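Got the viewer up and the cartoon drawn? Let's walk through it one selection at a time.

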Amino acid sequence: MAGRMVVGSAALAALVRPASAPDPAGGHRVLPVAPELTGLLPNRGLRRGSTIAVATGQPRRSGGTSLVLALLAEASRAGSWCAVVGVPTFGAGAAAELGIALDRLALVPHPGPEWATVIAALIDGVDVVVTAVPATVSASVANRLAARARQRGSVLVPYGRWDGADVTLQVVRGAWEGLGPGRGRLRRREVTVSARGRGAAARPKEIKVWLPGDGLTRVIPRPAPGAVAGSVTGRSVAGRPRPVSVAASASAGTSRRGALTLVGPA
């Protein structure tokens, strides 16, 4: 199952709800996001009517798609409808693994020349609209779509360059874990995500998270000077990660310097 595939604006008529229809989220003005991402957003979630851009970075495959999926997951779990437009390589399997409900996910892989019309129609009836940004989109069209999202209470998530967004998120650094000397499997990627914007989001922020992650993983600040710390991943009897911390003594050798990684619920 790969979500609902729709082609062209006419096919959206039966999908979206009228703008006057009751809010399916019960009138909540902020849609939830993963706890690890709340510190990047001024309302600690996706505020209805806002535009949250995800910059692609260079190279394009720099973690932006994983960040988009992470933004959608909690809102989808809570019952929100989501749409992804103009991303033909979007992985429905990866989305399902993160908890995105495919029966409430609309995919428009190739909107074609009707891009702005398709986005406008989805804004009218879908809670979160993710869209790859065409290179030819004008500032006036972008402004009209952002204004429509504010009026309709949808969250617009442009994937690419979008001037004037309330918040712009970008993966600025990343390092994969899991590969040893010549063998192993990629398990997860520690990334640094930056946030900048306007108003309450004017002050730049950065956090480190796992993308893809353990679901309950966070990175806490480095220990006090003079303390040497490492990280250990524990497993409970149920197979879920649990937090285990260890302070290395001088006889234990030199551990990796930097942040202490805590895996599991705080």
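The expected span of a helix is 1.5 Å times one less than its number of residues, and helices (H or I, at least four residues) and strands (E, at least two) are DSSP runs, numbered from the N terminus. This is a predicted model, with local features needing pLDDT of at least 70 and side-chain atom pairs pLDDT 80 or more, while totals for chains, interfaces and linings use all residues. Residues count from 1 along each chain as its sequence is written, and side-chain values use heavy atoms, leaving out hydrogens and water.

Select 139-152, which is helix H4. Its 14 residues should span 20 Å at 1.5 Å a residue, and the end C-alpha atoms agree, being 20 Å apart.

Now colour Val141, Ala142, Leu145, Ala146 and Ala149: these are buried (under 20% relative accessible area; exposed is over 50%, partly exposed in between; 1.4 Å probe, protein chains only). Look down the axis of H4: the buried residues fall within an arc of 135° (taken from the directions from the axis to the C-beta atoms), so they line one face. What do they pack against? Helix H3 (115-125) and strand S8 (155-159), with contact meaning heavy atoms within 4.5 Å.

Flip to the face turned away, where Ala139, Arg144 and Gln151 are exposed. Just after H4, click Gly153, whose phi is positive, near 80°.

Next, pick Leu46, Leu169 and Val193, which have the most contacts inside the largest nonpolar core, of 42 residues (buried Ala, Val, Leu, Ile, Met, Phe, Trp, Tyr and Cys joined through side-chain atoms within 4.5 Å). Helix H1 (residues 64-77) gives the most to this core, eight residues.
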